[in-house]
Structures are given as C-alpha cells and as structure tokens.
Amino acid sequence: MSIRPARHRRTARRPLTTLAGATAAVLVQSLVTGLLTGLATGPAAAPARAASGAGEPLGTVARTAGHARYAPGPCPRTADPSPALTGARCGTLTVPEDRDDPEGRKITLGVAIVPATHRKADDPIVWLAGGPGDDAVSEIPLALNGDLNRDRDVIFMSQRGTYSADPALTCPNIDEFNASALDLVYGARSTGRLHVRATRACHDELEGRGAELGAYNSTESAADYADLRRALGVERWNVFGISYGTDLALTYLRLHPQGIRSVGIDGVLPPSLAGGAVTWKAAREGFDGLFGACARQPACADRYPDLKGTFERLVGELEADPVTTTVTVPGHPEPVEVVLDGGVLVNWLVSATHLAAGVPRSIDELAHGDPRRIAEQWAGGKLSPQAVGRVSHGLAYGVFCSEWTPFESRADVMRAGHRAFPSFPRSVVANAPLLAFLQADCRAWDVPAAPDSIRDVTDSDVPTLVLSGGFDAQTAPSSGPYAARTLSRSTEVTVPYVAHVVFADSPCAQSITRSFFDTPTAPDTGCLAGLEPPAFEIAP
C-alpha cells in the first residue's frame, strides 16, 4: 500500500459514465449476492388460485386487462443463477410504454410467482424493488431468505426498464464509471463534467433505441402494478416495497388503492421528501445512530473516543488534502489506485453502516494514517461484477429527473447539508450522498417534470407496516414516522442497530413482516425487546 497526496484532476483514459444513485442500487444488489447459491423455496403448498377463471393456479392463465396483457411463459432472465425460479410460475406483462398513447410502442415486464411453502392464505404478496432501477426478479433470494413466502405466494415483476424487462435500459458503461473514477477526486468540477457528458451519452443511446424516456417513472410503474393485479385475476393482494420501492408503494397506494389488502414499506422514502436534501438528513441520523451505539459500549468508547468528531474532522482534512492509496481487491488481480477525499469518506460511511461492527476501527485506522480498509471496501463495491450491467439507469434518471430535481434546487440540497453537518466544506455538501451532480445530470437527461401531485402525501386507511433501521444512512429513520402520520392504520417500527432495508439483515424485522401480513392491524413486534447492538471490533 502506498499513500500520497491526490491529484485533483486527471485526463480520462476513455469516456466515463456514472449514475447519481448507482451506489444505492449496488448496495441492495450486494445484499442479494450472498444469498444466491443453493437457495431453494422448499416444498410448495397448493398454489394460489386467481379470483376468476376455472380455478387454475395463479399465473398460469393468459388474460387481458384494458391495454395490458399477461401471458404465461418462461421465467425471466437473471444475472445470477436463481434456484428459486425452478418451482416458480412465470410469464410476462405487456403494457403500453406511454399510456397517453396506448396504441403505440409496447414494453414487456418479466413476472415470476414463487409459491408459498406452507400456504395459509390466498392473498399473495407483490414485491416492489428498490433503486430506482433494481430488478425485482434479482431480489428473489433476499425475499426468500426472510421466508416471505412461508404463508403466501410472492409475485416479482420487473419494473419497466429494469434488467428482466424488455427493453432493459441498463447502460452498462455507466457502471464502468464507478470503477474508472476511483482515482478521481469525487466532487471536482472535472469529475462533474465527465459525469454529465456520460449521462448525456446514455440518454442519447437509449433514445436512439427508441425509448420514450419520459415514460419511465413512478406513475407509470404504479399503473403497471395495477394492471398486473387485474391481468392475473387477483382480487386482493399485499404490497411490500424496499428502499425506492417504498416511494413506489406509496404512489401506488395513492393512485390505485383498489385491491390492496395491506402494505409494508422498509427503508422509507416518502415521495413528498424524495431528493438530495433528505439524503443529508438520512446520513446524519444513520451516522449518529452508529456513533451513539459505539459511545454507549464501554470498550468501543474507550478505544475510539469521540468517533463522531474524528470522522467529521477527517472529512474536512481529506477534502482539503486528499490522499491516494493503492490497494488490491478480490477478483481484481491488478492493484487499484483509490483517491480518498471528504466526499468519498461520506459516501463510504453511508454504505458501510451495513458493516457497522468494523466502522469505528476503520475510521480510527484512517485517522492514524492507514486508509487501507476504507479504500478496499470502497474499491471492492465499485469493481464487483454485481455492480455492472444490472441497474436500469433509464428508470433511475426518469425518476430522479421528473420527480425529484424539479422540486428542489441545488441550494436546497446544500442548505440541508450544512444543517446536517455544519463543519463540512462547501465542496462536500454540494453533492448529496449517492446523488453526485444530480441537477446537472438531469439537465442532460431532459425529461418533463412530473405534475406537482407526484409530491402529494399518501393518505390511506389501508393497514401499513412502516419499517426503518436505526443505522439507516440512506433513507432517514425519521421518514418512517413522517410517512405514518397520514396512514391511519399503520404500525411504525424502528429496528435498532440495523442499516438500510432491515428485512435484509434482521431476523426480527423478517418476523415482524411475516406477522404483519398474517394480521395487518396487530403484528407481533415482541422481538424488538431482545435486540442488542453489534460487538464493535476493538483494535489491539
């Protein structure tokens, strides 16, 4: 390993592309990756039946609903082997790309229905993936690892533009930016120019393939799910959304409440708040949750006193004087040059809250001149095969640029950053975590703003489970109670010591979720009382 002051600019070896929110999507992908090998659904119970038809199993009958049509067929493609699809019932939903032109171009969304292992109910659960831009079919292992299909069939449909849809608006070269930019200063103007140039190239490529980019958004996706329910012949179902899928779930509940028995949302991003400002709030709350847990653990507090102050001091120091270090990462034989500056450190910690036990030690090592652990984790995420070609950048920018950036300015984002972190330099707060250069990217993406109503709160009496994690630095833990205010029959739960998407990491959250779908107005939350903080690593 070598350490030296970073160059603030370099000439790119090739055109670079990026996605403002790619790290968020890759993080959810990483939660799935470890679950793929050897996962099976177990013995399936008798299949659920559609409400209409001749008693055929759910998903085995072709049916038209308005301008949408479901047809049974082969299971959707996946980037990794998915043993759970072996026993699934699959097909496609074909819908208009633009519902304002229902006779125009059609798009096809992959559908997989994983049967219940021990059936107790005929109202299935439909899974809404995160991102925006993640593929629901690729998240099947995450859902099944939490035994979500114990009592009910679980339906997975690729959101429009995602990996198992046709067309898939993935732009793999955008993902390559995440690796290529490891030796760029995160918030430098030169990095921003490459960012925007690459975004425009992605836009032009997808538009050249005939995509109507303004049709890839939450409103159209919500209508897709409403069409899916009708086309499958499902009278009532339950909705479960994670991360961005909570934004979509709340939009769906507001626009198409018919047939929804209950809703679960995990890692809550209310549509009325979505954007850069709330991500600064999330970072503050998630970081404070982790730092506070260390401070309350005597061994951690003694070994790493004032962890919060140390981290914030390092952000300022590295932003003023970045360092470059060379590391090796698994699966990548060549040494990798990594620049660590203040922006990188903030974004690293947003994701590293999932590895909370090692965070204090990593920060302490950096403070004592050893950036290796942080650099290896940062580079490993960018160079992972799971980071390339899987995220729908067309859907992501469609959401960002029509539903988020028209409703907040760059100044709004910076003010939120300064409120959350008063000591951070201007160059750090200029880019919200995971959303670097988003305003400029969206000018290049050039899609119409959504109607103001996209920011409306969802006011509903449908029973809703609202889950947050105490270490969640991506979607603020306080966003859960905020969303629950207008959900009159909601159960709001914050699971302590867990980061973004608690269902992925917490057996307690999984138990609460299953209990909720059994009894939506009275889920069993008793497991919360026994939760303990992580045992933080204590360096010699």
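This is a guided tour of one structure, stop by stop, with something to select at each stop.

**Before you start**

The structure is a predicted model, in which local features need pLDDT of at least 70 and side-chain atom pairs count only at pLDDT 80 or more, while totals for chains, interfaces and linings use all residues. Residues are numbered from 1 along each chain as its sequence is written, and side-chain values use heavy atoms, with hydrogens and water left out. Helices (H or I, at least four residues) and strands (E, at least two) are DSSP runs, numbered from the N terminus.

**Stop one: the nonpolar cores**

Begin by selecting Leu-93, Trp-280, Phe-287 and Phe-311, which are the residues with the most contacts inside the largest nonpolar core, a core of 118 residues. A nonpolar core here is a set of buried Ala, Val, Leu, Ile, Met, Phe, Trp, Tyr and Cys residues joined through side-chain atoms within 4.5 Å, and buried means under 20% relative accessible area, with exposed over 50% and partly exposed in between (1.4 Å probe, protein chains only). The largest share of this core, eight residues, comes from helix H7, residues 276-295. A second, separate core has 34 residues, among them Ala-143, Leu-144, Ala-504 and Phe-516. In soluble globular proteins, nonpolar side chains tend to be buried together.

Now keep Phe-287 selected and display what surrounds it. Leaving aside residues up to four places away in sequence, Phe-287 touches Phe-311, Val-346, Leu-349, Val-350, Phe-421 and Ala-473, where contact means heavy atoms within 4.5 Å.

**Stop two: H7 against H10**

Select H7 together with helix H10, which covers residues 342-352. The axes of H7 and H10 come within 10 Å and cross at roughly 65°; axes are lines fitted to C-alpha atoms, for helices over the stretch in contact, and angles run from 0 to 180 degrees between N-to-C directions. H7 and H10 are therefore roughly perpendicular to each other, since angles of 65 to 115 degrees count as roughly perpendicular, under 35 as roughly parallel, over 145 as roughly antiparallel and the rest as oblique. The crossing is left-handed, a term for a near helix turned anticlockwise from the far one by less than a right angle, with right-handed used if it is clockwise.

Which residues of H7 and H10 meet? Trp-280, Ala-283, Phe-287 and Phe-291 come from H7, and they meet Val-346, Leu-349 and Val-350 from H10. By class, this contact of H7 with H10 has seven nonpolar, no polar and no charged residues, where Ala, Val, Leu, Ile, Met, Phe, Trp, Tyr, Cys and Pro count as nonpolar, Asp, Glu, Lys and Arg as charged, and the others, Gly among them, as polar.

**Stop three: H9 and its two partners**

Add helix H9, residues 307-320, and helix H11, residues 359-367, whose axes come within 10 Å and cross at roughly 50°. H9 and H11 are therefore oblique to each other. On the H9 side, the contact is made by Leu-307, Thr-310, Phe-311, Arg-313, Leu-314 and Leu-318, and on the H11 side by Pro-360, Ile-363, Leu-366 and Ala-367. These residues divide into eight nonpolar, one polar and one charged.

Then compare H9 with H10, where the axes come within 7 Å and cross at roughly 145°. Here Phe-311, Leu-314, Val-315, Leu-318 and Glu-319 of H9 touch Gly-342, Gly-343, Leu-345, Val-346 and Leu-349 of H10.

**Stop four: two buried loop residues**

Select Leu-148, in the loop between helix H2 (140-145) and strand E7 (154-157). Is Leu-148 buried or exposed? Leu-148 is buried, with a relative accessible area of 3%, and its contacts include Ile-125, Trp-127, Phe-240 and Phe-517.

Move next to Ala-215, in the loop between helix H4 (189-208) and helix H5 (218-232), which is also buried, at 2% relative accessible area. Ala-215 touches Glu-97, Asp-98, Arg-160 and Glu-220, not counting residues up to four places away in sequence.

**Stop five: the backbone**

Finish with the backbone, selecting Gly-131 and Pro-132, which are joined by a cis peptide bond with omega about 0°. Another cis peptide bond joins Asp-166 and Pro-167, with omega about 5°. Leu-434 has a positive phi of about 70° although it is not a glycine, and this residue is buried, with a relative accessible area of 7%. Tyr-497 also has a positive phi of about 70°, but Tyr-497 is partly exposed, at 28%.
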